Amino acid sequence: MVAAGRRVAVGLGAVGAVCLLLGGCLLLAGPAIVKEQVLKNVRIDPSSISFNMWRDIPVPFYLTVNLFEVQNPQEVLQGAKPKVNQRGPYVYREFKYKTNITFHDNDTVSYLEYRQLFFRPDLSNGTEDEYIVMPNILMLGAAVMMENLPSFVKLLLSGALAGLKQEAFINRTVGEILWGYEDPLLDTINALVPGLIPYKGKFGIFIEFNNTNSGLFTVNTGMKNISQVHMVDSWNGLKKVNYWRTNECNMINGTAGEMWPPYMSPTSLEFYSPDACRSMTLVYEQSGKFKGVPTYRFVAPKTLFANGTDYPPNEGFCPCRQSGIQNVSSCRLNAPMFISHPHFYNADPSLVDAVEGLHPSREEHALFLDVHPVTGIPMNCSIKLQLNQYMKQVSGILQTGKIQPVVMPLLWFAESGYIDGSVLSQFYTNLVLIPSILDYLQYIFLGLSVPLIISAALVMMSQKHKITESLELEGSCGGHLLQPLCSSRVT
């Protein structure tokens, strides 16, 4: 019995020691192994897991466009408040891919990223052939741009507009408004004021948005310094742009908006947007999960499009109007264009009040970005922006009537996408499930080792106690009369 007890104790102790060793190894080496794999696979390197995802985005991306139809154009010409009705959404499947990928010796890589858009009528509320009444962007924009020119030039333009039968509002199809229509006004404006508008023959809001690239990006690969991976080194050869009035506003900060360095902190993230002509900063809002994957949600702060009075660091983006809109005329051919959140969400209430039919909503119009903080890879995102035009009566140009000064919403769009399918499964397995299993195993092994080792010690103590008791009994049996009793007790 004593020998059997000792074998049990040794067995329990051995198993407990093995569990303790395995748990300790996983506790010390497990996080290091996971981190090494993460750092190895988020670099911009052809051998990394994320390289193909970076080069050709494998997840479905969609561009959703909503247009604002003007319901009272004649009344607006007489000075009335514009009344709009949102039309759409018109949904396009968006494909992004990189070309001219060139690695450099200084730990950077250059590339051109192209986008292709294909209309999806099955996901849209309407067709591209539908007609919509909207402001004549070319005419009204040219009028404001020429406001300070000599009166005779404006009279010449007004006469030319009359000859071309140009009016302040146009009735065009969705396809024409977005992707272009023939307009002789372009050639007329360029003849009167050479170089004012660098388009010829055809004009559309998104005419340069499809089958085009967003400029030459050069970003860090992270091969030498993982904390700099995806950070923009230059854009079109520039370390900073020259659109704005201060160095701070002209700086090209953050990434190209696709991925971020790993092991993010819940503070903020930055990216450079060629469409907005500036770097943008989003702030941490909350932690969550997207289909089982832990995420940090980043959103736009209210100061993103605040004017210089309400938020002095934005003074460089002025001349400013109300908070909530940003003047982008300096990077849009000096046209009176503004960007904002959809429906003037988070903007000065006067902007909403000036146009009937707007209904700003956090749920509908706030942008967000859900990023896996360990890898810096976005899991779910929806970037939303609105394009607006400042229009007004311009003396000498009769076609502008009595339009009251107003920042007029033209359209808002959302670029949205999320990781799904086999990409999500691979991502979840390699970067969530396996690390979680390793994490649980280390505590299971450590948790088992404690009771096993304690049990082995208790068994050993019990056996030792029995041996000691037996020896004491043998020593106390000295008389012949007690020998039988002692023998029985010992047995």
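**Exercise 1. The Arg55–Asp56 pair**

Is arginine 55 buried, partly exposed or exposed, and what is its relative accessible area?

*Solution.* The structure is a predicted model, in which local features need pLDDT of at least 70 and side-chain atom pairs count only at pLDDT 80 or more, while totals for chains, interfaces and linings use all residues. Residues are numbered from 1 along each chain as its sequence is written, and side-chain values use heavy atoms, with hydrogens and water left out.

Step one is to fix the classes: buried means under 20% relative accessible area, exposed means over 50%, and partly exposed lies in between, with a 1.4 Å probe and protein chains only. Step two is to place the residue: arginine 55 has a relative accessible area of 31%, and so counts as partly exposed. Step three turns to aspartate 56, which is partly exposed at 34%. The side chains of arginine 55 and aspartate 56 meet in a salt bridge with an N to O distance of 3.1 Å, where a salt bridge is a side-chain nitrogen of Lys or Arg within 4 Å of a carboxyl oxygen of Asp or Glu.

**Exercise 2. Salt bridges across the chain**

Determine which parts of the chain are linked by the salt bridges of glutamate 315 and aspartate 420.

*Solution.* Begin with the total, which a search of the whole structure puts at 18 salt bridges. Helices (H or I, at least four residues) and strands (E, at least two) are DSSP runs, numbered from the N terminus.

Next, take glutamate 315, which forms a salt bridge with arginine 245, the closest N and O atoms being 3.8 Å apart. This pair links distant parts of the chain, 70 residues apart: glutamate 315 is in the loop between strand 12 (293-299) and strand 13 (325-327), and arginine 245 in the loop between strand 9 (232-235) and helix 8 (247-250). Glutamate 315 is partly exposed at 35% relative accessibility, whereas arginine 245, at 57%, counts as exposed.

Then take aspartate 420, whose side chain meets that of lysine 291 in a salt bridge (3.2 Å, N to O). Here, too, distant parts of the chain are linked, since the partners are 129 residues apart, with aspartate 420 in the loop between strand 17 and helix 11 and lysine 291 in the loop between strand 11 (278-290) and strand 12. Aspartate 420 is partly exposed at 33%, and lysine 291 is partly exposed at 46%.

Finally, note that Glu94, Lys96, Arg115, Asp275 and Glu415 are linked in a network of salt bridges.

**Exercise 3. The surroundings of strand 16**

Work out which strands pair with strand 16, and describe how covered strand 16 is.

*Solution.* First, consider cover: strand 16 (residues 377-391) has 14 of its 15 residues buried. Second, consider pairing, which requires that DSSP find at least two bridges between two strands. Strand 14 (residues 337-340) pairs with strand 16 in the antiparallel sense over four bridges, and isoleucine 339 stands opposite leucine 387 in strand 16. Strand 15 (residues 368-372) runs antiparallel to strand 16 and is joined to it by five bridges, with aspartate 370 opposite asparagine 380. Strands 15 and 16 form a hairpin with four residues between them, and glycine 376 in the turn has a positive phi of about 80°. Strand 17 pairs with strand 16 in the antiparallel sense over twelve bridges, and serine 416 in strand 17 is the bridge partner of serine 382.

**Exercise 4. The nonpolar core**

Identify the strand that contributes the largest share of the largest nonpolar core, and list the contacts of leucine 411.

*Solution.* A nonpolar core is a set of buried Ala, Val, Leu, Ile, Met, Phe, Trp, Tyr and Cys residues joined through side-chain atoms within 4.5 Å. The largest such core has 118 residues, and those with the most contacts inside it are Val65, Leu67, Leu178, Phe206, Leu269 and Leu411. Its largest share, eight residues, comes from strand 17 (residues 406-418).

For leucine 411, count contacts, meaning heavy atoms within 4.5 Å, and leave aside neighbours within four places in sequence: the partners are Val65, Asn66, Leu67, Phe68, Leu178, Ile205, Phe206, Leu385, Gln386 and Leu387. As background, nonpolar side chains tend to be buried together in soluble globular proteins.
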